[in-house]
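Grab a coffee and open the structure in your viewer. Below are a few exercises, each followed by a worked solution.

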Amino acid sequence: MNILIDINHPAHVHLFRNVYKMLVEKGHEVLVVVKEIPSAMKLLDLYGIPYVNIGKKDDAIGKKGLDQLVFDRRLLKLVRQHHVDLGVGSSINIPHVSKLSKMKSIILDDDDDEAEPLFVKFGHPFADTILTPSAIKRKSSKAVYVDAYHELAYLHPNRFAPDPSVLSDAGVEEGEPYFILRFNAFKAHHDIGAEGLSIENKRRLVERLLACGKVFITTERNIDDEFKPYQLAVSPDKAHSLMYYATMFVGDSQTMTSEAAVLGTPAVKCNSFAGRLAVPNELEQRYGLCYSFLPEQQEAFFAKIEELLAMSDLKGEWQRRRQHLFSEKIDYTSFLVWFVENYPQSRQTIVEQPEFQFQFR
(Lines give C-alpha, C1' and ligand atoms only; values in the text may rest on other atoms or scores of the structure.)
Protein backbone atom coordinates (compact mmCIF):
# COMPACT_ATOMS: atom_id res chain seq x y z
CA MET A 1 0.00 0.00 0.00
CA ASN A 2 1.14 3.57 -0.69
CA ILE A 3 0.67 5.58 2.51
CA LEU A 4 1.17 9.27 3.25
CA ILE A 5 1.85 10.61 6.76
CA ASP A 6 1.47 14.36 7.30
CA ILE A 7 3.43 16.02 10.11
CA ASN A 8 1.87 19.27 11.30
CA HIS A 9 3.52 19.65 14.74
CA PRO A 10 6.68 18.34 16.46
CA ALA A 11 4.51 16.05 18.62
CA HIS A 12 3.28 14.35 15.43
CA VAL A 13 6.81 13.11 14.75
CA HIS A 14 6.59 11.14 17.99
CA LEU A 15 3.01 10.12 17.26
CA PHE A 16 3.94 8.52 13.94
CA ARG A 17 7.63 7.56 14.18
CA ASN A 18 6.98 4.00 15.40
CA VAL A 19 4.04 3.60 13.02
CA TYR A 20 6.26 4.71 10.13
CA LYS A 21 8.98 2.23 11.02
CA MET A 22 6.60 -0.71 11.38
CA LEU A 23 4.76 0.02 8.14
CA VAL A 24 8.04 0.29 6.21
CA GLU A 25 9.25 -2.99 7.73
CA LYS A 26 6.02 -4.61 6.54
CA GLY A 27 6.80 -3.57 2.97
CA HIS A 28 4.56 -0.52 2.54
CA GLU A 29 5.67 2.59 0.68
CA VAL A 30 5.38 5.45 3.18
CA LEU A 31 5.79 9.11 2.17
CA VAL A 32 6.24 11.59 5.03
CA VAL A 33 5.48 15.26 4.46
CA VAL A 34 6.11 18.05 6.96
CA LYS A 35 5.42 21.75 7.25
CA GLU A 36 8.59 23.82 7.60
CA ILE A 37 8.84 23.54 11.37
CA PRO A 38 12.53 23.40 12.40
CA SER A 39 11.90 21.40 15.59
CA ALA A 40 9.80 18.84 13.71
CA MET A 41 12.35 18.50 10.92
CA LYS A 42 15.15 18.09 13.45
CA LEU A 43 13.27 15.25 15.12
CA LEU A 44 12.67 13.55 11.76
CA ASP A 45 16.39 13.81 11.03
CA LEU A 46 17.28 12.40 14.47
CA TYR A 47 15.01 9.40 13.90
CA GLY A 48 16.29 8.86 10.36
CA ILE A 49 12.90 9.45 8.72
CA PRO A 50 13.09 10.91 5.18
CA TYR A 51 10.55 13.63 4.44
CA VAL A 52 9.33 16.22 1.95
CA ASN A 53 9.07 19.82 3.16
CA ILE A 54 5.82 21.33 1.82
CA GLY A 55 6.31 24.88 3.08
CA LYS A 56 6.36 27.24 6.03
CA LYS A 57 3.42 27.90 8.34
CA ASP A 58 2.62 31.57 9.02
CA ASP A 59 1.98 32.73 12.59
CA ALA A 60 -0.49 35.40 11.45
CA ILE A 61 -4.01 34.02 11.91
CA GLY A 62 -5.27 35.90 8.84
CA LYS A 63 -2.72 34.17 6.59
CA LYS A 64 -3.34 30.63 7.82
CA GLY A 65 -6.27 30.09 5.44
CA LEU A 66 -4.14 31.03 2.43
CA ASP A 67 -1.36 28.77 3.72
CA GLN A 68 -3.74 25.82 3.80
CA LEU A 69 -4.65 26.31 0.14
CA VAL A 70 -0.94 26.28 -0.75
CA PHE A 71 -0.37 23.14 1.32
CA ASP A 72 -3.41 21.49 -0.29
CA ARG A 73 -2.04 22.14 -3.76
CA ARG A 74 1.43 20.84 -2.94
CA LEU A 75 0.08 17.80 -1.14
CA LEU A 76 -2.30 16.97 -3.98
CA LYS A 77 0.60 16.99 -6.43
CA LEU A 78 2.57 14.58 -4.26
CA VAL A 79 -0.42 12.29 -3.76
CA ARG A 80 -0.89 11.99 -7.50
CA GLN A 81 2.83 11.54 -8.18
CA HIS A 82 3.17 8.75 -5.61
CA HIS A 83 -0.25 7.16 -6.22
CA VAL A 84 -1.08 7.39 -2.53
CA ASP A 85 -3.85 5.07 -1.37
CA LEU A 86 -4.28 6.29 2.20
CA GLY A 87 -3.37 9.52 3.97
CA VAL A 88 -2.93 9.66 7.75
CA GLY A 89 -2.37 12.74 9.89
CA SER A 90 -3.80 15.43 12.12
CA SER A 91 -3.87 18.36 9.71
CA ILE A 92 -6.72 19.81 7.68
CA ASN A 93 -4.85 19.11 4.44
CA ILE A 94 -5.26 15.33 4.54
CA PRO A 95 -9.10 15.39 4.35
CA HIS A 96 -9.06 18.20 1.77
CA VAL A 97 -6.77 16.31 -0.58
CA SER A 98 -8.70 13.06 -0.08
CA LYS A 99 -11.73 14.76 -1.65
CA LEU A 100 -9.68 15.90 -4.64
CA SER A 101 -8.05 12.53 -5.30
CA LYS A 102 -8.51 8.78 -4.95
CA MET A 103 -6.72 8.83 -1.58
CA LYS A 104 -8.71 7.87 1.51
CA SER A 105 -8.11 9.81 4.73
CA ILE A 106 -7.73 8.92 8.40
CA ILE A 107 -7.54 11.87 10.80
CA LEU A 108 -6.17 11.43 14.31
CA ASP A 109 -7.80 14.11 16.43
CA ASP A 110 -7.53 14.28 20.22
CA ASP A 111 -9.10 17.74 20.65
CA ASP A 112 -12.74 18.41 21.51
CA ASP A 113 -15.01 19.85 18.82
CA GLU A 114 -15.58 23.00 20.87
CA ALA A 115 -11.85 23.68 21.11
CA GLU A 116 -11.22 23.59 17.35
CA PRO A 117 -14.31 24.96 15.57
CA LEU A 118 -12.46 25.78 12.34
CA PHE A 119 -11.02 22.27 12.00
CA VAL A 120 -14.42 20.75 12.78
CA LYS A 121 -16.12 22.95 10.19
CA PHE A 122 -13.56 22.83 7.39
CA GLY A 123 -11.75 19.54 8.05
CA HIS A 124 -13.97 16.91 9.63
CA PRO A 125 -16.64 16.84 6.89
CA PHE A 126 -14.06 15.86 4.27
CA ALA A 127 -12.37 13.09 6.28
CA ASP A 128 -13.24 9.44 5.73
CA THR A 129 -12.48 8.49 9.34
CA ILE A 130 -11.72 10.49 12.48
CA LEU A 131 -9.89 8.41 15.11
CA THR A 132 -10.92 9.86 18.46
CA PRO A 133 -10.03 9.08 22.09
CA SER A 134 -12.99 7.54 23.89
CA ALA A 135 -12.91 10.41 26.41
CA ILE A 136 -14.22 12.73 23.65
CA LYS A 137 -17.74 12.67 22.23
CA ARG A 138 -18.12 14.05 18.70
CA LYS A 139 -21.07 15.12 16.64
CA SER A 140 -19.60 13.57 13.49
CA SER A 141 -20.70 10.08 12.46
CA LYS A 142 -17.21 9.59 11.00
CA ALA A 143 -15.68 9.31 14.48
CA VAL A 144 -14.23 5.95 15.51
CA TYR A 145 -13.50 5.79 19.24
CA VAL A 146 -10.37 4.23 20.70
CA ASP A 147 -9.20 3.80 24.29
CA ALA A 148 -5.94 5.66 23.75
CA TYR A 149 -4.36 9.10 23.56
CA HIS A 150 -1.82 10.34 21.02
CA GLU A 151 0.84 10.15 23.74
CA LEU A 152 0.26 6.40 24.07
CA ALA A 153 1.64 5.89 20.55
CA TYR A 154 5.14 6.73 21.80
CA LEU A 155 5.08 6.69 25.61
CA HIS A 156 3.34 3.36 26.21
CA PRO A 157 5.78 0.95 27.96
CA ASN A 158 5.80 -1.19 24.80
CA ARG A 159 7.29 1.79 22.92
CA PHE A 160 9.25 3.76 25.50
CA ALA A 161 12.07 2.96 27.92
CA PRO A 162 13.71 5.94 29.66
CA ASP A 163 17.37 6.57 28.91
CA PRO A 164 19.22 7.30 32.18
CA SER A 165 22.14 8.87 30.28
CA VAL A 166 19.97 11.97 29.89
CA LEU A 167 20.69 12.78 33.55
CA SER A 168 24.39 13.29 32.91
CA ASP A 169 23.54 15.21 29.72
CA ALA A 170 21.47 17.60 31.84
CA GLY A 171 24.03 17.79 34.62
CA VAL A 172 21.96 16.17 37.37
CA GLU A 173 22.74 13.24 39.64
CA GLU A 174 20.50 10.17 39.92
CA GLY A 175 17.79 10.95 42.48
CA GLU A 176 18.51 14.70 42.43
CA PRO A 177 15.26 16.70 42.27
CA TYR A 178 14.66 18.81 39.19
CA PHE A 179 11.71 20.42 37.44
CA ILE A 180 10.74 20.89 33.80
CA LEU A 181 8.82 24.03 32.86
CA ARG A 182 7.16 24.70 29.51
CA PHE A 183 5.99 28.11 28.33
CA ASN A 184 3.70 27.97 25.29
CA ALA A 185 3.51 30.43 22.38
CA PHE A 186 -0.28 30.10 21.73
CA LYS A 187 0.07 30.67 17.96
CA ALA A 188 -2.32 28.01 16.58
CA HIS A 189 -5.74 28.92 15.16
CA HIS A 190 -7.48 27.30 18.14
CA ASP A 191 -5.35 29.43 20.52
CA ILE A 192 -7.04 32.71 19.59
CA GLY A 193 -7.74 34.55 22.84
CA ALA A 194 -5.94 31.91 24.91
CA GLU A 195 -3.38 32.72 27.55
CA GLY A 196 -1.14 30.92 29.98
CA LEU A 197 1.27 31.97 32.71
CA SER A 198 2.00 35.66 33.06
CA ILE A 199 5.61 36.82 33.21
CA GLU A 200 5.15 37.58 36.91
CA ASN A 201 3.93 34.05 37.62
CA LYS A 202 6.75 32.57 35.58
CA ARG A 203 9.23 34.44 37.78
CA ARG A 204 7.42 33.34 40.93
CA LEU A 205 7.36 29.75 39.73
CA VAL A 206 11.06 29.63 38.88
CA GLU A 207 12.05 31.22 42.18
CA ARG A 208 9.95 28.73 44.20
CA LEU A 209 11.15 25.62 42.40
CA LEU A 210 14.81 26.66 42.48
CA ALA A 211 14.55 26.36 46.27
CA CYS A 212 13.82 22.64 45.80
CA GLY A 213 16.06 21.62 42.89
CA LYS A 214 17.26 22.47 39.42
CA VAL A 215 14.93 24.05 36.86
CA PHE A 216 14.90 23.43 33.11
CA ILE A 217 12.72 25.58 30.85
CA THR A 218 11.56 24.76 27.35
CA THR A 219 9.59 27.10 25.11
CA GLU A 220 8.22 27.11 21.54
CA ARG A 221 9.78 30.44 20.63
CA ASN A 222 12.59 32.69 21.84
CA ILE A 223 12.94 32.46 25.59
CA ASP A 224 12.88 35.60 27.76
CA ASP A 225 16.42 36.77 28.53
CA GLU A 226 15.95 36.36 32.27
CA PHE A 227 15.11 32.66 31.83
CA LYS A 228 17.93 31.76 29.42
CA PRO A 229 20.16 30.36 32.20
CA TYR A 230 17.53 27.63 32.69
CA GLN A 231 16.91 26.83 29.02
CA LEU A 232 16.68 23.12 28.26
CA ALA A 233 19.78 21.97 26.41
CA VAL A 234 19.40 18.19 25.92
CA SER A 235 18.81 16.57 22.53
CA PRO A 236 15.08 16.65 21.67
CA ASP A 237 14.96 12.88 21.21
CA LYS A 238 15.88 12.56 24.90
CA ALA A 239 13.31 15.07 26.17
CA HIS A 240 10.83 12.41 27.25
CA SER A 241 13.49 10.58 29.25
CA LEU A 242 14.35 13.83 31.03
CA MET A 243 10.66 14.32 31.77
CA TYR A 244 10.30 10.74 33.04
CA TYR A 245 12.94 11.27 35.74
CA ALA A 246 11.78 14.81 36.63
CA THR A 247 10.25 15.55 40.02
CA MET A 248 7.45 17.55 38.43
CA PHE A 249 6.33 19.21 35.20
CA VAL A 250 4.78 22.69 35.39
CA GLY A 251 3.68 24.95 32.55
CA ASP A 252 0.96 26.09 30.19
CA SER A 253 1.41 23.49 27.43
CA GLN A 254 -1.38 21.04 26.59
CA THR A 255 0.76 18.35 24.95
CA MET A 256 3.59 18.28 27.48
CA THR A 257 1.16 18.14 30.39
CA SER A 258 -0.39 15.00 28.90
CA GLU A 259 3.05 13.56 28.13
CA ALA A 260 4.19 14.07 31.71
CA ALA A 261 1.00 12.48 33.02
CA VAL A 262 1.41 9.39 30.82
CA LEU A 263 5.05 9.12 31.95
CA GLY A 264 4.01 9.18 35.61
CA THR A 265 5.50 12.60 36.35
CA PRO A 266 3.20 14.93 38.33
CA ALA A 267 2.01 17.72 36.04
CA VAL A 268 0.43 21.06 36.87
CA LYS A 269 -0.90 23.25 34.07
CA CYS A 270 -2.17 26.82 33.95
CA ASN A 271 -3.93 28.12 30.82
CA SER A 272 -7.28 29.16 29.38
CA PHE A 273 -8.16 25.59 28.38
CA ALA A 274 -8.23 24.26 31.95
CA GLY A 275 -11.32 22.13 32.54
CA ARG A 276 -12.47 22.46 28.92
CA LEU A 277 -10.79 19.47 27.25
CA ALA A 278 -11.90 15.88 27.64
CA VAL A 279 -8.53 14.12 27.44
CA PRO A 280 -6.74 16.26 30.08
CA ASN A 281 -9.91 16.08 32.20
CA GLU A 282 -9.82 12.29 32.08
CA LEU A 283 -6.12 12.22 32.99
CA GLU A 284 -6.92 14.49 35.93
CA GLN A 285 -10.28 13.23 37.15
CA ARG A 286 -10.08 9.49 36.41
CA TYR A 287 -6.38 8.83 36.87
CA GLY A 288 -5.20 11.72 39.08
CA LEU A 289 -2.06 12.24 37.01
CA CYS A 290 -2.26 16.00 36.37
CA TYR A 291 -3.97 19.19 37.49
CA SER A 292 -5.19 22.20 35.52
CA PHE A 293 -5.95 25.77 36.52
CA LEU A 294 -7.20 28.88 34.74
CA PRO A 295 -4.92 31.96 34.66
CA GLU A 296 -7.15 33.68 37.25
CA GLN A 297 -6.71 30.70 39.59
CA GLN A 298 -3.05 31.46 40.18
CA GLU A 299 -3.19 31.04 43.96
CA ALA A 300 -4.83 27.61 43.65
CA PHE A 301 -2.19 26.75 41.04
CA PHE A 302 0.67 27.57 43.41
CA ALA A 303 -1.10 25.88 46.32
CA LYS A 304 -1.28 22.61 44.36
CA ILE A 305 2.44 22.82 43.61
CA GLU A 306 3.11 23.25 47.34
CA GLU A 307 0.88 20.27 48.11
CA LEU A 308 2.78 18.05 45.67
CA LEU A 309 6.17 19.23 46.93
CA ALA A 310 5.13 18.17 50.44
CA MET A 311 4.21 14.59 49.44
CA SER A 312 6.63 11.97 50.77
CA ASP A 313 6.52 9.41 47.93
CA LEU A 314 5.46 11.64 45.07
CA LYS A 315 7.06 9.74 42.17
CA GLY A 316 6.14 6.34 43.57
CA GLU A 317 2.50 7.34 43.93
CA TRP A 318 2.41 8.68 40.37
CA GLN A 319 3.90 5.49 38.97
CA ARG A 320 1.08 3.54 40.67
CA ARG A 321 -1.49 5.86 39.13
CA ARG A 322 0.25 5.44 35.78
CA GLN A 323 -0.21 1.66 35.98
CA HIS A 324 -3.94 2.18 36.48
CA LEU A 325 -3.96 4.15 33.22
CA PHE A 326 -2.15 1.39 31.32
CA SER A 327 -4.53 -1.24 32.65
CA GLU A 328 -7.37 0.48 30.79
CA LYS A 329 -5.68 1.79 27.62
CA ILE A 330 -4.16 0.22 24.51
CA ASP A 331 -0.81 0.35 22.71
CA TYR A 332 -1.84 2.96 20.16
CA THR A 333 1.03 2.22 17.75
CA SER A 334 0.14 -1.46 17.37
CA PHE A 335 -3.49 -0.51 16.88
CA LEU A 336 -2.68 2.15 14.27
CA VAL A 337 -0.52 -0.18 12.21
CA TRP A 338 -3.31 -2.77 12.16
CA PHE A 339 -5.96 -0.12 11.44
CA VAL A 340 -4.02 1.36 8.51
CA GLU A 341 -3.05 -1.99 6.98
CA ASN A 342 -6.60 -3.30 7.09
CA TYR A 343 -8.47 -0.11 6.20
CA PRO A 344 -11.39 0.25 5.50
CA GLN A 345 -12.40 -3.15 6.92
CA SER A 346 -10.68 -2.20 10.18
CA ARG A 347 -13.05 0.73 10.61
CA GLN A 348 -16.08 -1.54 10.33
CA THR A 349 -14.54 -3.98 12.80
CA ILE A 350 -14.02 -1.34 15.52
CA VAL A 351 -17.42 0.25 14.97
CA GLU A 352 -19.16 -3.12 15.30
CA GLN A 353 -16.81 -4.63 17.90
CA PRO A 354 -15.17 -1.83 19.95
CA GLU A 355 -13.70 -4.39 22.34
CA PHE A 356 -11.55 -5.78 19.49
CA GLN A 357 -9.04 -2.98 20.13
CA PHE A 358 -8.11 -4.41 23.53
CA GLN A 359 -6.01 -7.12 21.94
CA PHE A 360 -3.51 -4.30 21.29
CA ARG A 361 -2.16 -4.04 24.85
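Before we start: two strands count as paired if DSSP finds at least two bridges between them. Also keep in mind that this is a predicted model.

**Exercise 1. Work out how β8 is tied to β10 and to β9.**

Step 1: β8 and β10 run parallel and are joined by four bridges, which meets the cut-off of at least two. Check Leu181, which sits opposite Val250 of β10.

Step 2: turn to β9, which pairs with β8 over six bridges, again in the parallel sense. Here Arg182 faces Thr218 of β9.

**Exercise 2. Find the strand order of the open sheet and say which strands stand at its edges.**

Step 1: five strands take part, in the order β9-β8-β10-β11-β12, with parallel pairing. At one end of that order, β11 (residues 267-270) and β12 share four bridges; Val268 has Tyr291 of β12 as its bridge partner.

Step 2: β9 (214-219) and β12 (290-293) each have a single partner strand, so one side of each lacks a neighbour in the sheet, and these two are the edges. From one strand to the next, the twist averages 15°.

Step 3: add the helix. α7 (residues 199-210) packs on the sheet and touches β8 (178-183), β9 and β10 (248-251), with its direction at about 170° to that of β8.

**Exercise 3. Are the residues of β8 buried or exposed, and which way do they point?**

Step 1: six of the six residues in β8 are buried, using under 20% relative accessible area as the cut-off.

Step 2: sort them by direction. Tyr178, Ile180 and Arg182 point one way, while Phe179, Leu181 and Phe183 point the other way.

**Exercise 4. Classify the crossing of α13 and α14, then locate the buried face of α14.**

Step 1: the axes of α13 (residues 332-341) and α14 (residues 345-352) come within 7 Å and cross at roughly 125°. Oblique is therefore the right label for this pair.

Step 2: list who touches whom. α13 brings Phe335, Trp338 and Phe339, and α14 brings Ser346, Arg347, Thr349 and Ile350. Sorted by class, that contact has four nonpolar, two polar and one charged residues.

Step 3: the buried residues of α14 are Ser346, Arg347, Thr349 and Ile350. Viewed down the helix axis they fall within an arc of 160°, so they line one face of α14. Their packing partners are β6 (129-133), β7 (143-146) and α13.

Technical notes: Residues are numbered from 1 along each chain as its sequence is written. This is a predicted model: local features need pLDDT of at least 70, side-chain atom pairs count only at pLDDT 80 or more; totals for chains, interfaces and linings use all residues. Side-chain values use heavy atoms; hydrogens and water are left out. Axes are lines fitted to C-alpha atoms, for helices over the stretch in contact, and angles run from 0 to 180 degrees between N-to-C directions. Angles under 35 degrees count as roughly parallel, over 145 as roughly antiparallel, 65 to 115 as roughly perpendicular and the rest as oblique. Contact means heavy atoms within 4.5 Å. Ala, Val, Leu, Ile, Met, Phe, Trp, Tyr, Cys and Pro count as nonpolar, Asp, Glu, Lys and Arg as charged, and the others, Gly among them, as polar. Buried means under 20% relative accessible area, exposed over 50%, partly exposed in between (1.4 Å probe, protein chains only). The arc is that of the directions from the helix axis to the C-beta atoms.
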